[in-house]
Amino acid sequence: MKAKIILPILFVLVFAVARIPGLLPPDFSAAYALMLCAGVYFRGSMAWWLPLGVMAATDIGLSFFYWHVNPFRPELLLNYAIYVGLIALGKWLGKGAAFWKLLLGGVLGAALFYVLTNTLSWLTDPGYAKTLAGWIQALFTGLPGYPPSWEFFRNTLLSGGLFTALFAGAAKATEESPAEKMAGAAETENEETADEAVKG
């Protein structure tokens with residue numbers, strides 16, 4: 001019961017703070033870890049609506065009040081498709097997954113996000129030649145006048161691993177002990193016995 005209440009609040013708070021503009025380096029995001037770990041640790045439909053809802057709300061708020069751009073840009077559909085895939089990966093891994101598997105999932109999810117979104121930039125940005133060399137430029141060098149893409153790739157991988165480790169560690173810390181689980185089960189059994197006695 002404790003984890004069911006604390007984890008969603010903790011995950012969302014960390015994610016919301018991490019989205020404050022300028023607080024973290026570019027592309028250093030908790031989004032990939034939030035989606036993966038929501039799939040692992042949140043029950044039922046909450047695993048879908050809570051992380052995606054928080055992401056959408058913060059995207060809209062930042063687009064309106066900070067970036068001053070249209071928050072409903074078509075290219076964002078790819079981002080949300082990847083987020084859905086990360087939640088599904090988390091559900092597939094499950095709560096019993098080893099820590100290294102979760103960490104690997106967070107890093108691979110971040111890498112996949114980077115490659116796919118930069119590939120979309122390569123396809124849509126006229127500054128890139130539509131060749132293999134242009135695609136490699138989009139992934140590792142970027143356009144002249146901007147920081148090199150590999151720095152964003154490094155930040156993406158580091159954040160995917162770091163926030164996944166943080167969220168998985170928090171989940172472990174808030175996990176009920178065997179004694180607490182037995183106490184909860186006994187309490188439920190006592191309540192059911194009392195209900196039956198009243199009905200009888």
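Here is a short tour of one pocket and two buried residues in a predicted model.

Before you click: residues count from 1 along each chain as its sequence is written, and side-chain values use heavy atoms, with hydrogens and water left out. As this is a predicted model, local features need pLDDT of at least 70 and side-chain atom pairs count only at pLDDT 80 or more, while totals for chains, interfaces and linings use all residues.

**Stop 1: the largest pocket.** Select P26, D27, W67, N79 and F113, the closest to its centre among the 42 lining residues. A pocket here is an open set of points on a 1 Å grid over the protein atoms alone, where a 1.4 Å probe fits, with protein on both sides within 12 Å along at least five of seven lines; lining residues have an atom within 4 Å of a point. The space in this one is about 1,400 Å³, the volume filled by probe spheres set on the points. Now colour helix 5, which gives the largest share of the lining, 6 residues. By type, the lining splits into 27 nonpolar, 9 polar and 6 charged.

**Stop 2: N155.** Jump to helix 7 (149-173), where N155 sits. N155 is buried (under 20% relative accessible area, 1.4 Å probe, protein chains only), at 7%. Show its contacts (heavy atoms within 4.5 Å): beyond four places in sequence, N155 touches P25, P26, D27 and F28.

**Stop 3: F42.** Go to the loop between helix 2 and helix 3 for F42, buried with a relative accessible area of 4%. Leaving out residues up to four places away in sequence, light up L7, P8, F11, C37, A47, L50 and K91, which F42 touches. Finally, draw a C-alpha line from F42 to G90: 9.7 Å, for residues 48 apart along the chain.

Technical notes:
Helices (H or I, at least four residues) and strands (E, at least two) are DSSP runs, numbered from the N terminus. Ala, Val, Leu, Ile, Met, Phe, Trp, Tyr, Cys and Pro count as nonpolar, Asp, Glu, Lys and Arg as charged, and the others, Gly among them, as polar. Buried means under 20% relative accessible area, exposed over 50%, partly exposed in between (1.4 Å probe, protein chains only).
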